[in-house]
Amino acid sequence: MLQAIGLTSTPRRALPPLVDDLTFEARPGSVTALLGDPGSGKTTALRLMLELEPGRGVTYFRGRPLHRIPHPGREVGVLLGDLPGNPSRTVRNHLRMLCAAAGVPASRADAMLEVVGVAGLRDQRLGSLSLGMERRVALAAALLADPCTLLLDEPAAGLSPRERSWLHGLLRGHASLGGAVLFTTDDAKEAARSADRVVSIEAGRLVADQDAAEFARTRLRPRVAVRTPHAARLADVLGREARAAQRTVEIVEESGSRLSVYGSNCAEIGEAAFRHGVLVHQLADETGDAGAPSLPRARAGSGTPAESATPDDGEPPRTAGTARTARTGRDAGPASAVRRLGGPLRPLRYELHRVFGTATPVLTAVFVVAVSVVTALVLARVGHTAQNRLLAAWPELLPLPPAALGAGLLGALAFGEEYRFPALAADRGTVPRRLGLLTAKLGVSAVLALLIGALAVTADAAALTLVFGGGPLRTPAEWVSPAASWAGLLIGCAWSGVLASAVFRSAAAGLAAVLAVPVMVVPLVRKALDGPSAYPVTGLAERLRGLTWAQWPPEADRLVLGALRVMAQPVGTALVLSLMVLLCAYGFTGLRGRVRW
């Protein structure tokens, strides 16, 4: 059971809340519609339930709030927003990545594509899908882990009437297996036809919480749909008879051959048409517009388009009773249980799918290598550049070399992309789950940074040798310390991007944090380290060896001293300090007991 208690949004400044003390429930085994006009707070209410929006109140999913559920993807399936993921990612890769996040086999992706009817689009890019196909893919993502509860924001948007019927059958099948379904809509007729219960809100407040039959009886106006080739003549006849009998009847001309008559019934209209010799092709009772039963003031005669009822898009008329009939068969979806994997999340598999599901790493590496080669050739042509900076393509005027900027960019995309596309977000749930995902992101970004750095140095050396021969390059007497410095710089930039994008929830902010290290932090560190030290630090390696349980060989002192020498440099010290600050900030913002997105 889903129970929403006291949901209240907390907007900035002095604006009124979009959702104000909203309380309702969605029972298992039934479909619940959250009905409201555009801007009434339906989407904000869903975001509050999912802890994506700051606010007050609590939502219980089978007795537990979302942040206390170890496997949230298995408990709640979500369709929220128009963008399911990166537009350059293929449909199959997107779903397989989410399978790794939910801890279900990758084969589940193909099975869900079959269920939602888009198996033929598995190799299409998300950005090339129509709105209706995008909705189907998002629904497949919501069903991947066979969740107990479905939260769907406008699931029928962009679907044809036939697709809407299929969708409602799918939701009905999920509810018939004991699941709870909550979807938002602004169409009162859709809510009455497809839901068991209708929760109506207005301006973020609860207006009514009713059974669908009661909602259709008290909040929707019954009407008679008439199809006749003589619509104008029949409208005039019905209007004259209503005025003669002093009855209140509203007649709305919806098309050249269709009338909607409020305040009458099929028998009266059929008898009037027979008496006046008007040919009638169809008479059917329907459910019309929403509104309180005492508010509509009907009149005799023909209505204007603004007052007309919305047509049913060609669907056959349905009563509230038939609308709630459970659909079974192929539309209900598979009823078999999903085989679970060992853990709630396979972070490394998820991260690899996320990184290599697009061409971003390859394009970044190609661009970085090209810029690095050109910069190295220009520096060699000008001269007066140290060999280490020449191989790194790092002129004095630039804050960072191209390879470090590329590493920082890929690191910033690690979290920034997920905040841009919420369907990719996988670091919800318990703290160990989020720490596992952070570790995977740090590890993958470090490997990518080292690969980019190695490619850049190799390409620079090859280009310099090809163009200038062996002139600019000399065999180094000491290569361990420069290599360690280069690796530390690349990994530090990548990790700064990862942590900063996680803290500030933006890839641009992550890249800005990478650039802030040499531009702002390094000058401060240089000023702090300027001048002689009152106490020398000689013999530090020997003292560190004495603190360890296992005695390392004396040859390892060179590596320790090299690492300490790298950290003692202003750039190294600035990176270490920045990483420590960002890690503490991530622990405060990302590992809190209550997750805010």
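In this predicted model, helix 12 buries four of its residues, namely Tyr-350, Glu-351, Arg-354 and Val-355. Viewed along the axis of helix 12, these buried residues fall within an arc of 125°, so they line one face of the helix. The reasoning behind such a pattern is general: an α-helix has 3.6 residues a turn, so residues three or four places apart point the same way. The cover over the buried residues of helix 12 includes helix 3, helix 13 (360–382), helix 15 (402–420) and helix 16 (431–468).

Of these neighbours, helix 3 can be followed further. Two packed helices are described by the angle between their axes and the distance between the axes. For helix 3 (residues 91–102) and helix 12 (residues 347–356), the angle is about 160° and the axes lie 8 Å apart. Because angles over 145 degrees count as roughly antiparallel, helix 3 and helix 12 are roughly antiparallel to each other, and their crossing is left-handed. On the side of helix 3, the contact is made by Asn-93, Arg-96, Met-97, Ala-100 and Ala-101, while helix 12 contributes Arg-349, Tyr-350, His-353 and Arg-354. Sorted by class, this contact holds four nonpolar, two polar and three charged residues.

Helix 10 (residues 266–275) offers another case of a buried side, with Ile-269, Ala-272 and Ala-273 as its buried residues. These residues cover an arc of only 100° around the axis, which puts them on the same side of helix 10. On the face of helix 10 turned away from that buried side, the exposed residues are Phe-274 and Arg-275.

Notes: Residues are numbered from 1 along each chain as its sequence is written. This is a predicted model: local features need pLDDT of at least 70, side-chain atom pairs count only at pLDDT 80 or more; totals for chains, interfaces and linings use all residues. Side-chain values use heavy atoms; hydrogens and water are left out. Axes are lines fitted to C-alpha atoms, for helices over the stretch in contact, and angles run from 0 to 180 degrees between N-to-C directions. Helices (H or I, at least four residues) and strands (E, at least two) are DSSP runs, numbered from the N terminus. Angles under 35 degrees count as roughly parallel, over 145 as roughly antiparallel, 65 to 115 as roughly perpendicular and the rest as oblique. A crossing is left-handed if the near helix is turned anticlockwise from the far one by less than a right angle, and right-handed if clockwise. Contact means heavy atoms within 4.5 Å. Ala, Val, Leu, Ile, Met, Phe, Trp, Tyr, Cys and Pro count as nonpolar, Asp, Glu, Lys and Arg as charged, and the others, Gly among them, as polar. Buried means under 20% relative accessible area, exposed over 50%, partly exposed in between (1.4 Å probe, protein chains only). The arc is that of the directions from the helix axis to the C-beta atoms.
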